[in-house]
Amino acid sequence: MSLPSVPGTRHGEPSTAIENKKKLRRALLDLRKQLTDEDRACFDRKIGRQVACYLESHDFKSLGVYLPIRNEPHLYDFYTELAKHVPLSLPVTRE
């Protein structure tokens, strides 16, 4: 599987980083919708392992995490293991 091209952009066309980030995020979430539940779970575990490898080489005092919405990766199993080693923080949202 490869990353999708960003819809609505052409090679060499100037655009802001924020616009590109929004378009890429939308494209990746749409691509993720097409995965089977089993493939999604497999990718989620791989993402957790990749982040764990990164964290092993850095000394964090705490780490901000998120609860997934839409089709974002579910990393609950990874968070459970991670919380044994470093305090985790969630963002606060207000109406």
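Before the structure itself, one term: a residue counts as buried under 20% relative accessible area, as exposed over 50%, and as partly exposed in between. Tyr54 has a relative accessible area of 46%, so Tyr54 is partly exposed. I will use these three words throughout. Please also keep in mind that this is a predicted model.

Now the overall layout. The protein has three helices and two strands. If you read along the sequence, the pattern is α-α-β-α-β. There are 95 residues in the protein, and 21% of them count as buried.

Next, the aromatic rings. How many aromatic pairs does a search of the whole structure find? The search finds three. One of them joins Tyr54 and Phe60, with 6.4 Å from centre to centre and 45° between the planes, and this pair is tilted. We have already placed Tyr54 as partly exposed. Its partner Phe60 has a relative accessible area of 34%, so Phe60 is partly exposed as well.

Another pair is made by Phe78 and Tyr79. This one is also tilted, at 6.3 Å centre to centre with 50° between the planes. Are these two residues buried or exposed? Phe78 has a relative accessible area of 15%, and because the cut-off for buried is under 20%, Phe78 is buried. Tyr79 counts as buried too, at 11% relative accessibility. Tyr66 comes in here as well: ring pairs link Tyr66, Phe78 and Tyr79 into a cluster.

Two of the ring residues turn up again in a pocket. The second largest pocket has a volume of about 230 Å³. Its lining includes Phe60 and Phe78, and among the other lining residues are Ala52, Leu55, His58, Leu63, Glu81 and His85. Which elements give two or more residues to this lining? They are helix 2, residues 37-56, and helix 3, residues 76-82.

Glu81 leads us to the salt bridges. The structure holds six of them, and I will go through three.

In one of the six, the side chain of Glu81 meets that of Lys84, at 3.1 Å from N to O. Glu81 counts as partly exposed, at 40% relative accessibility. Lys84 has a relative accessible area of 58%, and since the cut-off for exposed is over 50%, Lys84 is exposed.

Another salt bridge is formed by the side chains of Asp59 and Lys61, at 2.9 Å from N to O. Asp59 is exposed, and Lys61 is exposed too.

The last one I will show is between the side chains of Asp44 and Arg32, with 2.4 Å from N to O. Which parts of the chain does this pair link? Asp44 is in helix 2 and Arg32 is in helix 1, residues 17-33, so the pair links distant parts of the chain, 12 residues apart. Both Asp44 and Arg32 are buried.

One item is left, on the surface. Leu67, Tyr76 and Leu90 make a nonpolar surface patch of about 300 Å². Where does Leu90 lie? Leu90 is in the segment after strand 2, and that strand covers residues 88-89. At 47% relative accessibility, Leu90 counts as partly exposed.

To go back over the main points: there are three aromatic pairs, six salt bridges, and a nonpolar patch made by Leu67, Tyr76 and Leu90. Phe78 is the residue to look for when you turn the model: Phe78 is buried, belongs to the ring cluster with Tyr66 and Tyr79, and helps to line the second largest pocket. That is the end of my part.

How values were computed. Residues are numbered from 1 along each chain as its sequence is written. This is a predicted model: local features need pLDDT of at least 70, side-chain atom pairs count only at pLDDT 80 or more; totals for chains, interfaces and linings use all residues. Side-chain values use heavy atoms; hydrogens and water are left out. Rings of Phe, Tyr and Trp (its six-membered ring) pair if their centres lie within 6.5 Å; planes under 30 degrees apart count as stacked, over 60 as edge-to-face and the rest as tilted. Buried means under 20% relative accessible area, exposed over 50%, partly exposed in between (1.4 Å probe, protein chains only). Patches are made of residues with over 30% relative accessible area and no salt bridge: like charges are joined within 9 Å, nonpolar side chains (Val, Leu, Ile, Met, Phe, Trp, Tyr) within 5 Å. Accessible areas come from the Shrake-Rupley method with a 1.4 Å probe; for residues, only the protein chains shown count as cover. A salt bridge is a side-chain nitrogen of Lys or Arg within 4 Å of a carboxyl oxygen of Asp or Glu. Helices (H or I, at least four residues) and strands (E, at least two) are DSSP runs, numbered from the N terminus. On a 1 Å grid over the protein atoms alone, a cavity is a set of points where a 1.4 Å probe fits but cannot get out, and a pocket is an open set with protein on both sides within 12 Å along at least five of seven lines; lining residues have an atom within 4 Å of a point. Grid points are joined across faces, edges and corners, and a volume is the space filled by probe spheres set on the points.
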